[in-house]
Amino acid sequence: MTIISVSEETMNIFRFAGDMTHLISIVVLLLKIYATKSCSGISLKTQELYALVFLTRYMDLFTDFISVYNTVMKLVFIASSMAIVWYMRVHPMVKRTYDKELDTFRHYFLVGGCFVLALILNEKYTFQEVFWAFSIYLEALAIVPQLVLLQRSGNVDNLTGQYVFFLGAYRGFYILNWIYRYFTEARFSRWIACVSGLVQTALYADFFYYYFISWKNNARLQLPA
């Protein structure tokens, strides 16, 4: 979720739909963990990456007030991501269901690579802008450990599939948001977010194909190993 300033990003139906589908994805994931006391099929590494994304992107919570909506959404995404990581690492029942043997993607390479890229390619070389760029790059790739885990496990339960689906749909709505802003705003120039968003959406293409096939055939979602 990319929340900037009111002057740089005004609300439109596509952005709002993107925010809501992103929120739904997290609600679905929390529902799965809380109701089933299981995190099977969920990548802890992806969740840790998302927590890092929100913590580094929303540093302006301490310096700028934009709107109540903006502040509440930032706090919700930080708190929910930290709660998911806590459940998976600390909760005595949930942590026993974590697929540690399948969740082996070396996510620290993503963190290091994105940080170096943010130092080289950013819109303004300041502390906050560098970390904003870092969070955008990292969010584009944060889903990779999750997709790798799902491929290795093969079968995907309904709630996990819905979580990934809504997470991908959120990014799709944000692409429509950028297209809308390009044609309606005179100075739209968030190229880092646009390019990273396209990369992120492309990563979901294979998952969406198999999700659609399973939905069409009313069958359990299965990904090729």
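In the predicted model, Tyr-50 is in contact with Glu-139, Ala-142, Ile-143, Tyr-163, Leu-167, Gln-200 and Tyr-204, with residues up to four places away in sequence left out of account. Tyr-50 belongs to helix H2 and is buried, because its relative accessibility of 4% falls under the 20% limit. The C-alpha atom of Tyr-50 is separated by 8.9 Å from that of Ile-78, a residue 28 places away along the chain.

Helix H2 comprises residues 44-57. Its 14 residues reach 20 Å from the first C-alpha to the last, close to the 20 Å expected at 1.5 Å a residue. The helix is mostly covered, with 11 of the 14 residues buried. Nonpolar side chains are included in this buried set, among them Leu-44, Leu-49, Val-53 and Phe-54, but the set also contains Lys-45, Thr-46, Gln-47, Thr-56 and Arg-57.

Tyr-50 is also one of the four residues, with Ile-33, Met-88 and Tyr-163, that touch the most other members of the largest nonpolar core, a set of 52 residues. The largest share of this core is contributed by helix H5 (residues 127-141), which supplies eight residues. Two of the four residues are in mutual contact, since Met-88 touches Ile-33 and contact requires heavy atoms within 4.5 Å. Beyond its neighbours within four places in sequence, Met-88 further contacts Cys-39, Ile-42, Ser-43, Leu-44, Gln-47, Val-94, Lys-95 and Tyr-98. Leu-44 and Gln-47 in this list are among the buried residues of H2.

Aromatic side chains form 13 ring pairs in the model. In the pair of Phe-54 and Tyr-58, the ring centres are 6.0 Å apart and the planes lie at 5 degrees, so the arrangement is stacked. Both partners are buried, Phe-54 with a relative accessible area of 2% and Tyr-58 at 1% relative accessibility. A contrasting geometry is found for Tyr-174 and Trp-178, an edge-to-face pair with 6.2 Å from centre to centre and 75 degrees between the planes. These two residues are four apart in helix H7 (residues 158-184) and are therefore separated by about one helical turn. In general, an α-helix has 3.6 residues a turn, so residues three or four places apart point the same way. Tyr-174 is buried at 0% relative accessibility, and Trp-178 is buried at 6%. Ring pairs also join Tyr-50, Phe-54, Tyr-58 and Phe-77 into a cluster.

The loop between helix H1 (13-36) and H2 contains Lys-37. This residue has a positive phi of about 55 degrees although it is not a glycine. Most residues other than glycine have a negative phi. Lys-37 also lies over the face of Tyr-34, at 4.5 Å from the ring centre. At 26% relative accessibility, Lys-37 counts as partly exposed, because this value lies between the limits of 20% and 50%.

Contacts of H2 also extend to helix H4 (residues 108-120), in which Leu-110 is placed. Leu-110 is buried, with a relative accessible area of 13%. Apart from residues up to four places away in sequence, Leu-110 touches Leu-49, Phe-105, Leu-138, Leu-141 and Pro-145; of these, Leu-49 is a buried residue of H2. The C-alpha atoms of Leu-110 and Leu-141 are 7.2 Å apart, although the two residues are 31 places apart in sequence.

Over the whole chain, nine helices and two strands are present, in the order α-α-α-α-α-α-β-α-α-α-β along the sequence. Of the 225 residues, 48% count as buried. Among contacts between residues at least 6 apart in sequence, 77% join residues at least 24 apart. The unreviewed UniProt entry places the feature "transmembrane region" at residues 12-35, 66-87, 131-151, 163-183 and 189-212. In the model, the segment 66-87 is 91% helix and 0% strand, with its end C-alpha atoms 31 Å apart. The segment 131-151 is 90% helix and 0% strand, and its end C-alpha atoms are likewise separated by 31 Å.

Notes. Residues numbered from 1 in each chain as written. Predicted model: local features only at pLDDT ≥ 70, side-chain atom pairs only at ≥ 80, totals over all residues. Heavy atoms only, no water. Core = buried A, V, L, I, M, F, W, Y, C linked by side-chain atoms within 4.5 Å. Buried < 20%, exposed > 50% of the residue type's maximum accessible area, 1.4 Å probe, protein only. UniProt positions renumbered as here; feature names shortened; annotations may be inferred. Phe/Tyr/Trp six-rings, centres within 6.5 Å; stacked < 30°, edge-to-face > 60°. Lys NZ or Arg CZ within 6 Å of the ring centre and 35° of its normal. Expected span 1.5 Å × (residues − 1).
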